[in-house]
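Reader: Hello! Could you take me on a close look at one part of this protein, the nonpolar core and what lies around it? I would enjoy one connected walk through it.

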Amino acid sequence: MDARQLKIAAAQAALAHVEDGMRLGIGTGSTADEFVRLLAEKVAGGFNVQGVPTSERTARLCVELGVPLFSLDDLPELDLTIDGADEVDGALGLIKGGGGALLREKIVASASARMIVIADESKLVDTLGRFPLPIEVAPFGLTATRLAVERLAAGLGLSGEIVQRPDKDGPYLTDGGHFILDASFGRIPDAEALANGLVAIPGVVEHGLFLNMANAVIIASQSGARTLLAKD
């Protein structure tokens with residue numbers, strides 16, 4: 001199977017967890033897109049679901065394919081969120097935000113009773129950090145915020161380039177109107193300490209470390225899809 005076929009395989013396995021009538025958080029990214037396409041086929045056949053998208057990109061695809069959408073204010077408590085990830089470690093810790101939707105993704109996941117992550121085997125790592133960590137920040141005081149992140153990282157023994165994510169017409173803007181700093185720290189031995197430290201920086205809106213949030217991760221490989229479960 002090629003990369004897209006692996007993503008479809010993971011999405012198909014996740015779809016088996018979606019029950020008729022569910023209030024469903026719908027993630028963002030290329031693997032989540034495949035899930036939306038499969039979900040739309042079921043909806044067209046009469047399957048009932050109430051979707052809450054984690055990004056404007058996902059919302060556009062759902063509208064195009066006929067998946068019913070609601071806001072999180074309409075449905076503040078969700079049964080399940082299906083989303084992708086940029087990295088997954090053995091404890092089901094995640095790095096997310098490569099697509100720029102980390103804030104909304106984390107809000108939706110936190111409003112859900114369960115979160116299932118779908119990914120191909122290339123996303124599995126022993127220790128988080130191979131993928132640059134996205135950090136969503138307020139435009140005001142950007143330099144001060146970046147320096148604070150650098151000081152925090154140094155105190156945790158982390159180093160590496162921290163760059164503002166660009167877009168074709170200037171800086172990348174999230175759906176919430178924020179900037180993103182991509183931090184290439186490499187291995188992050190203590191992801192929890194980094195997560196706690198980032199939250200304490202006033203200019204940081206959110207970070208891409210999703211720790212103790214995923215209940216299960218479906219990993220697609222050439223040998224099929226397997227499910228990793230969170231340990232109690």
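Author: Happy to. Contact here means heavy atoms within 4.5 Å. Please keep in mind that this is a predicted model.

Let us begin with I82. Leaving out residues up to four places away in sequence, I82 touches A14, V18, L24, G25, I26, G27, F35, I116 and I118. Several of these names come back when we turn to the largest nonpolar core, which has 28 residues. Those with the most contacts inside this core are V18, L24, F35, L39, V67, I82 and I118. Helices and strands both contribute: the elements that give two or more residues are α1 (3–15), α2 (30–44) and α3 (56–65), together with β1 (22–26), β3 (80–83), β6 (115–120) and β14 (216–221). In soluble globular proteins, nonpolar side chains tend to be buried together. There is also a second, separate core, with 25 residues, including V149, A153, L194 and V204.

Now to a charged residue, D83, placed in strand β3. D83 counts as buried because its relative accessible area is 0%, and the cut-off for buried is under 20%. Beyond its neighbours up to four places away in sequence, D83 touches G27, T28, A32, K96, E105, M115, I116, V117 and I118.

For a contrast in exposure, look at R37 in helix α2. R37 has 33% relative accessibility, so R37 counts as partly exposed. Setting aside neighbours within four places in sequence, R37 is in contact with R4 and L65. The C-alpha atoms of R37 and C62 are separated by 8.2 Å, while the two residues are 25 apart along the chain.

Helix α2 leads us on to open space. This helix supplies the largest share, 3 residues, of the lining of the second largest pocket. That pocket has a volume of about 170 Å³ and is lined by 16 residues, with T28, G29, S30, A85 and D86 nearest its centre. T28, you may recall, is one of the residues that D83 touches. By class, the lining has 9 polar, 4 charged and 3 nonpolar residues.

The largest pocket holds about 200 Å³ of space. Its lining has 13 residues, and D89, A91, A191, L211 and N212 are the closest to the centre. Here the classes divide into 6 nonpolar, 3 polar and 4 charged.

How values were computed: Residues are numbered from 1 along each chain as its sequence is written. This is a predicted model: local features need pLDDT of at least 70, side-chain atom pairs count only at pLDDT 80 or more; totals for chains, interfaces and linings use all residues. Side-chain values use heavy atoms; hydrogens and water are left out. A nonpolar core is a set of buried Ala, Val, Leu, Ile, Met, Phe, Trp, Tyr and Cys residues joined through side-chain atoms within 4.5 Å. Buried means under 20% relative accessible area, exposed over 50%, partly exposed in between (1.4 Å probe, protein chains only). Helices (H or I, at least four residues) and strands (E, at least two) are DSSP runs, numbered from the N terminus. On a 1 Å grid over the protein atoms alone, a cavity is a set of points where a 1.4 Å probe fits but cannot get out, and a pocket is an open set with protein on both sides within 12 Å along at least five of seven lines; lining residues have an atom within 4 Å of a point. Grid points are joined across faces, edges and corners, and a volume is the space filled by probe spheres set on the points. Ala, Val, Leu, Ile, Met, Phe, Trp, Tyr, Cys and Pro count as nonpolar, Asp, Glu, Lys and Arg as charged, and the others, Gly among them, as polar.
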